[in-house]
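This report is a guided reading of one protein model, taken a few places at a time. Please keep the sequence and the picture side by side as you read.

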Amino acid sequence: MGRQFEVCAETVEACSLALEGGADRIEICSALELGGVTASDALIRAAITAARGLPVYVLLRPRAGDFVYSAAEFGIMCADLEHSSALGAAGFVAGILTRDRAVDRTRMSELVKLAAGKEVTFHRAIDSTAHLSDALEQIIAAGCQRVLTSGGKRDVQEGRNAIIALARQARGRVR
């Protein structure tokens with residue numbers, strides 16, 4: 001598979017523009033200024049309708065801040081996944097870490113299982129891990145199909161070398 005153009009959208013208008021602009025998929029969320037949180041039910045429904053068949057991936061993030069979630073927050077993520085799946089979401093974007101800044105493989109595996117074959121992307125929470133290469137292996141082991149990263153840096157330009165190293169390490173096991 002070649003490069004894909006994904007648009008992170010937080011409005012119905014942005015979804016329509018993504019479709020018109022040739023996007024391959026849409027990630028729907030709210031509060032991008034905070035790094036993104038899960039969109040409302042109504043926005044997810046409207047995004048799926050506005051996308052007219054373009055795959056819509058739902059960000060599963062119950063709050064801004066770090067990526068270490070309580071049991072209650074994880075329960076919300078699971079419920080949001082199930083509900084969004086029923087609405088027609090094509091996939092999900094999530095990232096859960098442990099207190100020691102490692103990938104929470106157990107919980108990520110649970111999300112992958114709950115997604116029932118729909119794609120799960122591990123988001124930029126990887127950039128907050130203590131060791132990118134170890135995190136990548138945990139993400140793959142959890143069953144995630146994609147990774148969104150800036151190579152542990154502020155942006156992809158700064159993280160370019162780390163991204164290249166991660167791509168080589170992945171050897172096609174994850175996109």
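## Aromatic rings

The model shown here is a predicted one, and a reading of its aromatic rings can begin with a count, for the structure holds zero aromatic pairs. A ring may still have a charged group over its face, and this is the case for Y57, where R25 lies over the face of the ring at 3.7 Å from the ring centre.

## A buried strand residue

Strand β3 covers residues 56-59, and V58 is one of the residues in it. Is V58 buried or exposed? With a relative accessible area of 0%, V58 counts as buried, because that value falls under the 20% limit.

The surroundings of V58 can be listed by name. If neighbours within four places in sequence are left aside, V58 is in contact with I28, T38, I44, S84, A89, G91, F92 and V93. Two of the names in that list return in the section on helix packing, since I44 belongs to α2 and S84 belongs to α3. R3 offers another point of reference, for the C-alpha atoms of V58 and R3 are separated by 20 Å, while the two residues are 55 places apart along the chain.

## Two pairs of packed helices

Two packed helices are described by the angle between their axes and by the distance between those axes. For helix α2 (residues 41-51) and helix α3 (residues 71-87), the axes come within 10 Å and cross at roughly 35°, and this crossing is right-handed. Which residues of α2 and α3 meet? On the side of α2 they are D41, I44, R45 and I48, and on the side of α3 they are H83, S84 and L87. Sorted by character, the residues of this contact comprise three nonpolar, two polar and two charged.

A second pair is formed by helix α4 (residues 105-114) and helix α5 (residues 132-142), which pack at an angle of about 35° with their axes 8 Å apart. The crossing of α4 and α5 is also right-handed. Here R105, M108, S109 and V112 of α4 make the contact with Q138, A141 and A142 of α5, and the residues of this contact divide into four nonpolar, two polar and one charged.

## Two residues with a positive phi

Most residues other than glycine have a negative phi. Against that background R52 deserves a careful look, for its phi is positive, at about 45°, although R52 is not a glycine. R52 is found in the loop between α2 and β3, and R52 counts as exposed because its relative accessibility of 63% is over the 50% limit.

R171 likewise has a positive phi of about 45° without being a glycine. The place of R171 is in the segment after α6, a helix that covers residues 160-170, and with a relative accessible area of 61%, R171 is exposed.

## Loop and helix positions

The loop between β3 and α3 contains D66, which is partly exposed, with a relative accessible area of 43%. Although D66 and I96 are 30 residues apart along the chain, their C-alpha atoms are separated by 9.0 Å. Within helix α3 itself lies G75, and its relative accessible area of 34% makes G75 partly exposed, because this value lies between the limits of 20% and 50%. From C-alpha to C-alpha, G75 and P62 are 9.7 Å apart in space, and 13 residues separate them in sequence.

S30 takes us to another loop, the one between β2 (25-28) and α2. What does S30 contact, once its neighbours within four places in sequence are left aside? The residues in contact with S30 are E10, G36, V37, T38, A39, S40 and L43. For S30 and C8, which are 22 residues apart in sequence, the distance in space from C-alpha to C-alpha is 9.6 Å.

Notes. Residues numbered from 1 in each chain as written. Predicted model: local features only at pLDDT ≥ 70, side-chain atom pairs only at ≥ 80, totals over all residues. Heavy atoms only, no water. Helix = DSSP H or I, 4+ residues; strand = E, 2+ residues; numbered from the N terminus. Buried < 20%, exposed > 50% of the residue type's maximum accessible area, 1.4 Å probe, protein only. Contact = heavy atoms within 4.5 Å. Phe/Tyr/Trp six-rings, centres within 6.5 Å; stacked < 30°, edge-to-face > 60°. Lys NZ or Arg CZ within 6 Å of the ring centre and 35° of its normal. Axes fitted to C-alpha atoms, helices over the stretch in contact; angles between N-to-C directions. Left-handed = near helix turned anticlockwise from the far one by under 90°. Nonpolar A, V, L, I, M, F, W, Y, C, P; charged D, E, K, R; others polar.
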